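Visitor: Could you walk me through this model, taking the packing and the charged pairs in turn?
Guide: Gladly; let us look at it together.

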Amino acid sequence: MASARAAEILARLSHGADVVPSLPQQLVLHCTAALSVTGVAIMLMTDAGPAGAVAASDGPAETMEELQFTLGEGPCIDCSHTGRPVLQPDLAHTGGARWPVFTDGAIDAGIRAIFAFPLRVGGIRLGVLDLYRDRPGALTAAHLAEALSFADAAVTVLVHLQAHAATGQDKTGLLRVIEDRAEVHQATGWVAEELGVSLAQALVMLRARAFASGQPIVDLARGVLTGTVRLGDVDDSENPSR
Amino acid sequence: MDRLERLAQVFVELADTLVEEFDVVDLLQVLAERSVELLDADASGLMLADQRGDLQLMAFTMERARLLELFELQIREGPCRDAYTTGAAITNVELVDAQNRWPTFTPAARAAGFSTTHALPMRLRGNVIGVLNLFSERGQRLDDGDVAVGQAMADVATIGLLHERTLREQTAISEQLETALHSRVLIEQAKGVLAARAKISVDEAFNLMRLHARSNRITLTAVASAVIGGTVDLRAMTRS
């Protein structure tokens, strides 16, 4: 999933944002402009379920997030539960049967189409990227590709935010697209099981170690899988899990 | 069992994965494995085009770093890239002669121990959605009959995928593809978890997961979720 476009988006974000916590807000603003939509928001996900918006553009996006969070229904809620994208190009026609209360509220607020993308890395569920538009119609292929690239960038931002919240580390070098390589995902699972940490924590540890040692993360992942590299040593002690 | 009988069996198996709400990763894994078996290859991988226009590795048959590297390279250059762009099959490429054609891919493929490669597009009416890529260590060549068999398997899988897509709304395409990509990642993570838990290799972990999926008639994705969530008993898995 590591598209070149996502890397470009991240590069722009880290130029525009002086502090890590403002990255999600920067991202929704860029995304709103790039896709010519009415509003964009990022809903956070915890093990307990949706945990509220971490960022939203001005206007209806924020209202829509609050509405879904309060009602416990809507495309974003479905997306966060199933981990699948929920694309609703014509809310007035298709939304009512699925989310009766939410759809009424959305139509009242002038929203006609909603596109919700899961922010996840396999079993790591981070949140949902929600796009709101005031006119119906499917996303064009180009806009869909762009939306998915913003979702990839948002995944990186949220992983980065977790690392930041847990350890205060603010290395912008970590703001790189998550490497979509089989070995990296396998090593993530391996480290999580071995050290008794979550998959998200394991991924953060792998990335932090790769960054600190200047080693390509795929090489590090192979080392973990063959037993030549161990995580959880002193070097990784700044991480939350220990 | 002769080859024709086995072939018939494989087509039934492929059709059997195409039930309602089928798992795309399951289908592609079956295709990758059976193509190696029926075409007497040593390894295969299946790359699907995602909605960003990138090729993504969705299934592979051999857990070997150098093989995985070959698919990573093909996001830019190689038989998969070419078969995807042109929609034409590329068969019986002798890697010893392919240096100029793919300057980065070719030496990597030879270093991985392979001497021939083939790439069969997954296409339906001009719509190319991915590529099945085969490798041989022994210079195994495909005759016209082999190519027809390989292409037929790829076509059946393609029809399955596109059928599902056109049946539902157009937006279902993206929902399905994106979900398949996430499933793939989930399965890799689960291999790592299970390998560490049972103190086995990732290869062995994947075999256990597949056996468990088959004997319980559940999808690989469901098994992966259960492994990660710790809701499947390790002893139950090693018994199955």
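What follows is a short set of questions and answers on this predicted model.

Visitor: Which helix gives the most to the largest nonpolar core?
Guide: The largest nonpolar core has 116 residues, and A:F117, A:L129, B:M122 and B:M209 are those with the most contacts inside it. With 13 residues, the element that gives the most to this core is helix α7 (residues 141-167) of chain A.

Visitor: How many residues are in the second, separate core?
Guide: Among the members of this second core are B:A43, B:M47, B:M62 and B:L70. It is separate, and its size is 22 residues.

Visitor: How are α5(A) and α6(A) oriented to each other?
Guide: The axes of helix α5 (residues 91-98) of chain A and helix α6 (residues 100-108) of chain A come within 6 Å. They cross at roughly 150 degrees, and angles over 145 count as roughly antiparallel. The two helices α5(A) and α6(A) are therefore roughly antiparallel.

Visitor: How do the residues of the contact of α5(A) with α6(A) divide?
Guide: From α5(A) come A:L91, A:A92, A:G95, A:G96, A:A97 and A:R98, which meet A:P100, A:T103, A:A106 and A:I107 in α6(A). Gly is counted among the polar residues here. The division is six nonpolar, three polar and one charged.

Visitor: Is B:R6 buried or exposed?
Guide: B:R6 forms a salt bridge with B:E37, with the closest N and O atoms 2.5 Å apart. This pair links helix α1 (residues 3-17) of chain B to helix α2 (residues 24-38) of chain B, 31 residues apart. At 38% relative accessibility, B:E37 is partly exposed. For B:R6 the relative accessible area is 19%, and buried means under 20%, so B:R6 is buried.

Visitor: B:R138 forms a salt bridge with B:D40; which other side chain does B:R138 meet in a salt bridge?
Guide: B:R138 sits in the loop between β5 and α6 of chain B, and its further partner is in the loop between α2 and β1 of chain B, 96 residues away. For the pair with B:D40, the closest N and O atoms are 3.8 Å apart. The N to O value for the further pair is 3.2 Å, and that partner is B:D42.

Visitor: Which residues do salt bridges that share partners join into one network?
Guide: Over all chains, the count comes to 28 salt bridges. Those that share partners join B:R6, B:E13, B:E33, B:R34, B:E37, B:R210 and B:R214.

Terms used: Residues numbered from 1 in each chain as written. Chains lettered and ligands numbered in written order. Predicted model: local features only at pLDDT ≥ 70, side-chain atom pairs only at ≥ 80, totals over all residues. Heavy atoms only, no water. Core = buried A, V, L, I, M, F, W, Y, C linked by side-chain atoms within 4.5 Å. Buried < 20%, exposed > 50% of the residue type's maximum accessible area, 1.4 Å probe, protein only. Helix = DSSP H or I, 4+ residues; strand = E, 2+ residues; numbered from the N terminus. Axes fitted to C-alpha atoms, helices over the stretch in contact; angles between N-to-C directions. Parallel < 35°, antiparallel > 145°, perpendicular 65-115°, else oblique. Contact = heavy atoms within 4.5 Å. Salt bridge = Lys/Arg side-chain N within 4 Å of Asp/Glu carboxyl O.
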